[in-house]
Number of protein chains: 4
Amino acid sequence: MSNSFGKLFKVSTFGESHGPAIGGVIDGCPPGIALDLEAIQKELDRRKPGQSKIVTQRKEPDAVKFHSGIFEGKTTGASIGFVIENTNQKSHDYSHIAKTYRPSHADYTYDKKYEGNRDYRGGGRTSARETANWVVGGAVAKQVIPNIQINAYTSAIGTISVDTPYQELDFNAIETNIARCPDPVKAEEMIDYVSKIKKQGDTVGGVVTCVVQNVSVGLGEPVFNKLHAALGQAMLSINAVKGFEYGSGFEGAAMRGSDHNDIFNSDGSTKSNHSGGIQGGISNGMDIYFKVAFKPVATLIQKQMTIDSEGNEVEMMGKGRHDPCVVPRAIPIVEAMTAMVLADFVMLNNATKF
Amino acid sequence: MSNSFGKLFKVSTFGESHGPAIGGVIDGCPPGIALDLEAIQKELDRRKPGQSKIVTQRKEPDAVKFHSGIFEGKTTGASIGFVIENTNQKSHDYSHIAKTYRPSHADYTYDKKYEGNRDYRGGGRTSARETANWVVGGAVAKQVIPNIQINAYTSAIGTISVDTPYQELDFNAIETNIARCPDPVKAEEMIDYVSKIKKQGDTVGGVVTCVVQNVSVGLGEPVFNKLHAALGQAMLSINAVKGFEYGSGFEGAAMRGSDHNDIFNSDGSTKSNHSGGIQGGISNGMDIYFKVAFKPVATLIQKQMTIDSEGNEVEMMGKGRHDPCVVPRAIPIVEAMTAMVLADFVMLNNATKF
Amino acid sequence: MSNSFGKLFKVSTFGESHGPAIGGVIDGCPPGIALDLEAIQKELDRRKPGQSKIVTQRKEPDAVKFHSGIFEGKTTGASIGFVIENTNQKSHDYSHIAKTYRPSHADYTYDKKYEGNRDYRGGGRTSARETANWVVGGAVAKQVIPNIQINAYTSAIGTISVDTPYQELDFNAIETNIARCPDPVKAEEMIDYVSKIKKQGDTVGGVVTCVVQNVSVGLGEPVFNKLHAALGQAMLSINAVKGFEYGSGFEGAAMRGSDHNDIFNSDGSTKSNHSGGIQGGISNGMDIYFKVAFKPVATLIQKQMTIDSEGNEVEMMGKGRHDPCVVPRAIPIVEAMTAMVLADFVMLNNATKF
Amino acid sequence: MSNSFGKLFKVSTFGESHGPAIGGVIDGCPPGIALDLEAIQKELDRRKPGQSKIVTQRKEPDAVKFHSGIFEGKTTGASIGFVIENTNQKSHDYSHIAKTYRPSHADYTYDKKYEGNRDYRGGGRTSARETANWVVGGAVAKQVIPNIQINAYTSAIGTISVDTPYQELDFNAIETNIARCPDPVKAEEMIDYVSKIKKQGDTVGGVVTCVVQNVSVGLGEPVFNKLHAALGQAMLSINAVKGFEYGSGFEGAAMRGSDHNDIFNSDGSTKSNHSGGIQGGISNGMDIYFKVAFKPVATLIQKQMTIDSEGNEVEMMGKGRHDPCVVPRAIPIVEAMTAMVLADFVMLNNATKF
């Protein structure tokens, strides 16, 4: 009942990692946009498995096919159907989990909720493969709001974190290393650390920072559709996310008002930006920035104790090709969800202008 | 366009702090519930201003009147209309902000978004007074799901934070002090600190921890209505909230999978609970717990520089009776939003059972 | 779960005829509209009971009070809360139906659906009193779209029907008689007929025709939110409505395409208008017109056999002051629902314009 | 923005007749249903073109492929993605309408609404081909509510109409003739008439009657989601529909209350059924029946005057293979939309039962 995201710019998705295909329907895309299909595929390539030594070694082309809504190169305002075929599913890899609940996965909760009806292969609907659909939606959304810049990057992996404020980082450096970290020294440390962790069959979490620039004043809807609440909901929808903070975040909770308040310049901009570009749920024209915490991947290439569906304790070990750390591949996903939220709010904001 | 919260258990609200009344419509409440109206008023009393020396000294009874949906003491399944009159508005207090944008308030963003149409008195629609409506909705929701226990408490004010895990705290102690902190030593420190801050005309932020117990397995809807994403969206809707994390949260991002995974017991419960009671967006029967970060209140009883609507720099100082710290009064609000989310998910989960 | 109407311009309502008040929340009203409150009250007066000898003789002022969303005479973009007090409820009138199901009312279905929880006084939530809320919402909506003219009128009562096409009628004549029929000869016949029926303790149905003029091209959303489908859903929401047709309607079903097709003029207007101003679910700039069928009021001042909640056959007779025919009072309701639909579609259409 | 239908049982669709495929996402289907895929294909075969001499002679297999949501033969509760490939599009057939607006089609309104961005081939998104998606959704819905019987049939074509009440008709006869009319004499007349009309290059409208049996008491949600209003909205979404009435419909508007009221039997059933199985928007356990009016197909194989996008008057003539009357192929579409509405209401009704 909840496979749709967005209010006016809306994507409805389907698909399990081991079915024939995943895909979705993008509804509400404005007409007349000359869609850059290569740009969309490029976003998928940033997310796809097998792109570097620190991510899963599965190889999937993740080629998106559009079925509708585009005519003579432009969007028509009609719903845009798309499909990404699953070309690399290996069902036999998953036989060991047919009746076993992997620790800290959703096997147990899905099995209980859906009364034993569960596609256990590759996590079924809970597979992060689903996020390829979101990247398609987000890549279209980015073209709906071309003036807004969205840059996400890896700001922490394990205990290695970037302390430099985003203003002092070069976003052009993000894609120059496989950690997607714009601080080249930290990037190197992160890559080494993930490589080491991977050899141990272990995994590690991390943090993504996202910065949204050139947003006009007025996006966000009071009182239950605040811009930051929608961004939070979007980020918390991403697999493995455990936390979201924007602007001063949890650190702001320890501050005094006299230090925290953002004093105005005469043009309406502010001298500091603890508000994170959002006041009262509405963008104020300053940079929007937020952090997203990802837990370590639950699938380990180590033996773990767990239980089967009868409650028997069994030993299991992850097989196959898993990410030791999701963060580098999560960067385009964070950006995609952000873009869909913003496109939606631009359209909501337009609705009452006449 | 967004003054409604929830999908099946839904509350739609209205009201500014200086209009005649605030209120709302609760839609989707099941029939046959013998509503305890005193319990509802008691929740409002926990939120109301003037209840202690460390909160605003405004006095408002916040008496809720129900207009519909209840007959012979029971809910009928019809929508429940309610109103809380504003008895203590002093419009003259706000004349100094008619054309001035208070730093880190929503004055500027509302003025721009709504093209100069803005009830500047008391923050208008952005006033935290709105949260009284939510407390009514939440108090009704609590009675829809009486088996679920929801306990929120102050876990930090400024840099004073409770390090004891919630399992070792006595929730009965929460209401025994005005900080609403179940650790009596920390509570004392917090109260002293807020008192001091208040004397300086300053404010301070804090953190609320919320624990939800006795939740059955299966609440939450994949993939865009995950239980924790809905909770996050709910919490981020509360005024002054800057961050949300559940389970291991941001700390979990620094961990390894081998430490983070929650190993099952044979009954499906888990030995640890880094998952925070939610796996794959669906409750697993363990305690759900999360933290919510509140920034310091923006209104200071100090001089600050700011601008007016013409862009002139002006000096201003907060007047009247403001909270030096919102956290103690935010406790019932956090609980209320949590209760509405859970009631909604119980109903969504029921929908496919037949 | 369904006490809200509209997507962007949305009204959420509450109230039973014998509670203290009815009311609602209007969400999504654009800012900056200088609301004419007298015009709103005037619409309520057109709907209110007791206004003529052919409608119910109940006397209710139906005075609306706005609680929010309006500041210094203009809408602010905030949700607009409103309340209409019930001043004339006489609960003792309804004791005879506490445990008896009136034929062709909703007593039986509500009692079963809500498991015996039912406000039986005056029909509870099913009372046509609820439509006063809609008239408020519609009267605000009319001011959101001031260029669009909406005129509804009585086109049939019983077997007396107006055969003159609407183009040849003078809409200014609608309010000149208590039947609200712009054909003065037919109006007289209708008034006589209803008076006669009323004396017999009987009731009669009728038809309302509604004409919407000066609608721009492009309102309506494919494929499940077609303009005529939304209008149909709106009309079928009104108590006692049994049918809806637009343009050529049921008569069109008997026609040939060569007679039915509307041939274009060079400016995009059409020579005929069997389409009723809507093609493919989208307005084409021609007049929109539709008919709404109302069944006879179910409450008779005659003896009828019925059953009680135990299944015993009992004789009952309506008491009090009921409408012999709802159609004259339904005119402002039809207009109100039409206005809300159109305001919503104007806003939906705006959303993708940027 | 409106390519989704339903609240809990929801289908989101895409596709134009001349793109590579149409399809959709079914969200909210309960888990554990052993889907009969042949039954689904059979419904599509009832709708597909080329099935008889009185419908379009286009040949399309309309084979549905499911991509997700079904595992080991059963639904899993996950969203169900499906695709129907377009195998028979002939784009060259449509070159004559690239810049010409066909009378009484949606060419003009789409062109204006979407600012010239329009897939003119085969009507693009407005093609009745879209209804194949609905038939898939409806065929799944039928299996969600297997106890409810839904039978639609042709009750009029042009001026030839079935006067026999549905209770005296044999629904098993519906599929025995190509008119899908259970009255064999009228069926013959209809077939002859459509054949004649077709030879003239003309088209004709008609009426579909739908009867829903074995519905439990209590489906439908007050006040803006009444069962009949949802059915009306569903029917009015179908291409070419001009009117909807249920129970006594427009005829009921001419009746007196003393004739129209449905008197109860002691078991809660009623002696007559002018209510059409719905009272106050909620099913009462009696048969639900309604009529749907379809206008004549707009595409004629005759010369007609029209205009092009520059406003020049031009002569045009339909080409290719069009339906002379949509009604026989509309039968499964009416049933499909009905099934989706009912499945949705069963789930909505379940939500508050606990």
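These exercises, each with a worked solution, concern a predicted model.

**Exercise 1. Determine what relation superposes chain A on chain D, and describe the surface that the two chains use.**

Begin with the superposition: chain A is brought onto chain D by a rotation of 180° with 0.0 Å of shift along the axis, and the RMSD is 0.0 Å. That is the relation of a two-fold axis. Next, turn to the contact residues, where 100% of those of chain A recur in chain D, so the same surface serves both copies. The contact itself takes in 39 residues of chain A and 39 residues of chain D. To find where the chain A side comes from, look at the strands: β2 (10–14), β3 (21–27), β6 (74–75) and β7 (80–85) of chain A each supply at least two residues, and the largest share, five residues, comes from β3(A). Finally, sort this side of chain A by class, which gives 12 nonpolar, 20 polar and seven charged residues.

**Exercise 2. Describe the contact between chain A and chain B, and follow the sheet that runs through both chains.**

First take the contact, to which chain A gives 86 residues and chain B gives 86 residues. By class, the side of chain A that touches chain B holds 35 nonpolar, 37 polar and 14 charged residues. Then trace the sheet, an open one of 10 strands with antiparallel pairing, in the order β10(A)-β9(A)-β11(A)-β15(A)-β12(A)-β12(B)-β15(B)-β11(B)-β9(B)-β10(B). In that order β12(A) is followed by β12(B), and these two strands, residues 241–246 of chain A and residues 241–246 of chain B, pair in the antiparallel sense over three bridges. Within this pairing, A:Glu245 stands opposite B:Gly243. At the ends of the sheet lie the edge strands, β10 (160–161) of chain A and β10 (160–161) of chain B, each of which pairs on one side only. On the chain B end, two bridges join β9 (residues 149–157) to β10(B), the two strands running antiparallel, and B:Ile157 stands opposite B:Ile160.

**Exercise 3. Identify the edge strands of the three-stranded sheet in chain B, and give a residue pair from it.**

Write down the order first: this open sheet runs β8-β16-β17 in chain B, with antiparallel pairing. The strands that pair on one side only are β8 (100–101) and β17 (313–317), which are therefore the edge strands. For the residue pair, consider β8(B) and β16 (residues 303–308) of chain B, which are joined in the antiparallel sense over two bridges; here B:Tyr101 stands opposite B:Ile307.

**Exercise 4. Describe how α1(B) and α3(B) cross, and state how far α5(B) is covered.**

Start with the geometry: the axes of α1 (residues 37–47) and α3 (residues 131–144) of chain B come within 9 Å and cross at roughly 145°, and the crossing is right-handed. Then list the residues that meet, which are B:Ala39, B:Ile40, B:Glu43, B:Leu44 and B:Arg47 from α1(B), against B:Thr131, B:Ala132, B:Val135, B:Val136, B:Gly138, B:Ala139 and B:Val140 from α3(B). By class, this contact has eight nonpolar, two polar and two charged residues. Lastly, helix α5 (residues 227–236) of chain B is mostly covered, with 10 of its 10 residues buried; among them are B:Leu227, B:His228, B:Gln233 and B:Met235.

Technical notes. Residues are numbered from 1 along each chain as its sequence is written. Chains are lettered from A and ligands numbered from 1 in the order in which they are written. This is a predicted model: local features need pLDDT of at least 70, side-chain atom pairs count only at pLDDT 80 or more; totals for chains, interfaces and linings use all residues. Copies are superposed by least squares on the C-alpha atoms of residues with pLDDT of at least 70 in both. Two residues are in contact if their C-beta atoms, placed from the backbone, lie within 7 Å. Ala, Val, Leu, Ile, Met, Phe, Trp, Tyr, Cys and Pro count as nonpolar, Asp, Glu, Lys and Arg as charged, and the others, Gly among them, as polar. Two strands pair if DSSP finds at least two bridges between them. Helices (H or I, at least four residues) and strands (E, at least two) are DSSP runs, numbered from the N terminus. A residue is buried if 20 or more other C-beta atoms lie within 10 Å of its own, exposed if 12 or fewer, and partly exposed in between; C-beta atoms are placed from the backbone. Axes are lines fitted to C-alpha atoms, for helices over the stretch in contact, and angles run from 0 to 180 degrees between N-to-C directions. A crossing is left-handed if the near helix is turned anticlockwise from the far one by less than a right angle, and right-handed if clockwise.
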